[in-house]
Amino acid sequence: FKQVMPTGLPKKDVTTQLGSVELDIDNVDLAGGVLTRNIACSLDPTMRNRMKGNINYFSPPYQVGKPVTAIGLAEIYRSEMEEFKKGDIVAVWDLAIEEWSVRSKESTVTFRKFDPLPGLSITTYLGAAGMTGMTAYMSIKEIIGDLKPGNTMFVTGAAGAVGQMVVQIARQAGVKVIASAGSDQKVKYLEQELGVERAFNYKTADFNKELAAFGAQTNGINYYYDNVGGEQLEAYINNAARYGVIVGCGYISGYNAEKPEDVHYPKNLFNIVTKELKYQGFIVSSFLPKWMARFLQEIPPMLAEGKIKVSEDVTFGIDGAEDAFTRLFTGETEGKVTVLFDTE
Ligand code: NDP
């Protein structure tokens, strides 16, 4: 699963190329490392930002001609290291999107022991109980703190991996949620399955009008969980309550811009001053040491008991990985996107 530095929307066979090489799994030289059989990986919008080559980003840029990497799970097939033995399952921060990987001893620093979570599938381990669930939970705890029942929250990208978790955490705290997503089907899911007070399709709705109506009773909307940036961020700032809090999680509306000037930045930032808003960005990995124990105590059990619902978009086989990655940006994904490799 390789790529050239793309512009615009990712495209199968252009942005990335799937290929095959001969590998003698029983004899390939491991040079003191391990051979893994890869089981599954997560696909995340932020991977698009790592295809930009020169930007200063928290994860290093991908290299043209080298495999794209993602968070995933693998089984140790052969090992020349004491720490790992055949059959061990490891969670890998930088799993190459390939079926088999030879890893040097040094590069296994990103391997962690896989601790299965009772009652949860491995795709949920990679999503709601994994990085995207942690993103939602930990950023709310750290940036907003205790959610106040009766307050209002706007959530964008609300039917996606992070968004659906945010929506449910907020609703369980008694916060009234207005959510946006890019299709009528997702709007229906948000209203009927996740029970948000109001949802709208941002591709067809007048979102300034939606937000103004929703925030009328709280003198504006108290919180904004921002997965997308752009015009919806601008609309929130217009409709924010005094002392409103913006959790700056992502800016997907700009990830595929052909030119920097194509990214929409709010033109009303002075309202951050006049309404005394807090706008804080974050990278989830910074929160792990502080919040992991509480996250594990609270969220996986609720997932296992069905108290938090998850919608998942699982692709079977590496052949579908490129399409699944592209669909993240066309809005055709339905919930958390993962790929299960063919390990039969
Ligand atoms: P999702 O599961 O939400 O998938 C992406 C979704 O984004 C698509 O399905 C689509 O849904 C929506 N989308 C795509 N293009 C646009 C656009 N131009 N404008 C508005 N919406 C768009 O992804 P995640 O939940 O994994 O990620 C959500 C956000 O959180 C991303 O911005 C990501 O980068 C960020 N993130 C940040 C982290 C951090 O540490 N700060 C960690 C993890 C994620 P729709 O049909 O609604 O348009």
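**Exercise 1. Find the helices against which the buried residues of H9 pack, and describe H9 itself.**

*Solution.* Start with the partners: the buried residues of H9 pack against helix H2 (122-125) and H3. Keep in mind as you look that this is a predicted model. Next, pick out the buried positions, which are Ile-299, Pro-300 and Leu-303. Now follow the path of the helix: H9 spans residues 288-304, and a kink of about 45° is centred on Phe-295. Finally, step past the end of the helix, where Gly-306 follows with a positive phi, near 75°.

**Exercise 2. Work out which domains the chain has and how they meet.**

*Solution.* Begin with the assignment, which gives domain 1 (2-123 + 311-340) and domain 2 (131-285). Domain 1 is thus written as two segments, and domain 2 as one. Then take the centres over C-alpha atoms: those of domain 1 and domain 2 are 30 Å apart. For the contact itself, 14 residues of domain 1 meet 15 residues of domain 2. Sorted by class, the domain 1 side of this contact holds five nonpolar, seven polar and two charged residues.

**Exercise 3. Explain why the shell around the ligand lies between the domains, and describe its make-up.**

*Solution.* First, ask which domains contribute: domain 1 and domain 2 both give residues to the shell, so it lies between them. Second, look at the closest approach. Of the 28 residues around the ligand, the nearest are Gly-160, Ala-161, Gly-182, Gly-250 and Gly-331. Third, turn to the helices: H3, helix H4 (161-172) and helix H10 (321-330) each provide at least two shell residues. The largest share is that of H4, with three residues. Last, sort the shell by class, and you get 13 nonpolar, 13 polar and two charged residues.

**Exercise 4. Locate the most connected members of the largest nonpolar core, and say which helix gives the most to it.**

*Solution.* This core has 89 residues, and those touching the most other members are Val-166, Val-167, Ala-179, Leu-190 and Tyr-236. The helix that gives the most is H3 (residues 131-144), with eight residues. As for the domains, at least three residues come from each of domain 1 and domain 2. Now zoom in on Ala-179: leaving out residues up to four places away in sequence, Ala-179 touches Val-155, Ala-158, Val-167, Leu-190, Val-196 and Ala-199. To tie things together, come back to H3, which gives the most to this core, supplies residues of the shell around the ligand and packs against the buried residues of H9.

How values were computed. Residues numbered from 1 in each chain as written. Predicted model: local features only at pLDDT ≥ 70, side-chain atom pairs only at ≥ 80, totals over all residues. Core = buried A, V, L, I, M, F, W, Y, C linked by C-beta atoms within 7 Å. Buried ≥ 20, exposed ≤ 12 C-beta atoms within 10 Å, placed from the backbone. Helix = DSSP H or I, 4+ residues; strand = E, 2+ residues; numbered from the N terminus. Domains from an automatic or database assignment. Contact = placed C-beta atoms within 7 Å. Nonpolar A, V, L, I, M, F, W, Y, C, P; charged D, E, K, R; others polar. Near = placed C-beta within 6 Å. Bend = angle between axes of the 7 residues up to and from the residue.
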